Amino acid sequence: QVQAVESGGGLVQAGGSLRLSCVASGLTFSNYAMGWFRQAPGTEREFVAHISRSGGSTYYTGSVKGRFTISRDNAKDTVYLQMNSLKPEDAAVYFCAAHRGGTYSDASSYDYWGQGTRVTVSS
């Protein structure tokens, strides 16, 4: 059974930082590119960041470039999202998922979604 479990969310003031983690099990982690998405209330799930299987390539949505960093540790079956200079508009539930192929920014290209971790940013 494949599982992805996110952690690290919480309440932070605007300008602060959080580091999200996602541990995957039940799959050969190094065979999958991984992505982070987020969903705020009343909105669709939005692409945030993508990392290749080796970690050598990364992609970000424009609004987080320069503030967020995605990374992975294949020895720990874990993908991370370091979030700096957080803004109130970054508040959402953040999800990780495994990219099976296709457009990396399209949620339908992903499998094995976690349950999400909530990020709240106070202004």
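**Exercise 1.** State the accessible surface of the protein chain and the share of it that belongs to carbon and sulfur atoms.

*Solution.* In this predicted model, the accessible surface of the protein chain comes to about 6100 Å². Carbon and sulfur atoms account for 44% of that surface. As for burial, 42% of the 123 residues count as buried.

**Exercise 2.** Determine the secondary-structure content of the protein chain and assess its radius of gyration against the globule rule.

*Solution.* The protein chain contains eleven strands and zero helices. The radius of gyration is 13 Å, and the globule rule gives 14 Å for 123 residues; the two values are close, so the chain is as compact as a globular protein of that length. Along the principal axes, the C-alpha trace spans about 40 × 25 × 25 Å.

**Exercise 3.** Count the aromatic pairs and classify the pair of phenylalanine 37 and phenylalanine 47.

*Solution.* The count comes to eight aromatic pairs. For phenylalanine 37 and phenylalanine 47, the ring centres are 5.6 Å apart and the planes stand at 75°. Planes over 60 degrees apart count as edge-to-face, so this pair is edge-to-face. Phenylalanine 37 belongs to strand β4 (residues 33-39) and phenylalanine 47 to strand β5 (residues 46-51), so the pair ties together parts ten residues apart in sequence. Both phenylalanine 37 and phenylalanine 47 are buried.

**Exercise 4.** Classify the pair of tyrosine 110 and tryptophan 113, and give the burial class of tyrosine 110 and of tryptophan 113.

*Solution.* The centres of tyrosine 110 and tryptophan 113 lie 6.1 Å apart with 50° between the planes, a tilted pair. Tyrosine 110, at 3% relative accessibility, counts as buried, whereas tryptophan 113, at 27%, counts as partly exposed. Ring pairs link Tyr110 and Trp113 into a cluster with Phe37, Phe47, Tyr59, Phe95 and Tyr104.

Terms used. Residues are numbered from 1 along each chain as its sequence is written. This is a predicted model: local features need pLDDT of at least 70, side-chain atom pairs count only at pLDDT 80 or more; totals for chains, interfaces and linings use all residues. Side-chain values use heavy atoms; hydrogens and water are left out. Helices (H or I, at least four residues) and strands (E, at least two) are DSSP runs, numbered from the N terminus. The radius of gyration is taken over C-alpha atoms; the globule rule is 2.2 Å times the number of residues to the power 0.38. Buried means under 20% relative accessible area, exposed over 50%, partly exposed in between (1.4 Å probe, protein chains only). Accessible areas come from the Shrake-Rupley method with a 1.4 Å probe; for residues, only the protein chains shown count as cover. Rings of Phe, Tyr and Trp (its six-membered ring) pair if their centres lie within 6.5 Å; planes under 30 degrees apart count as stacked, over 60 as edge-to-face and the rest as tilted.
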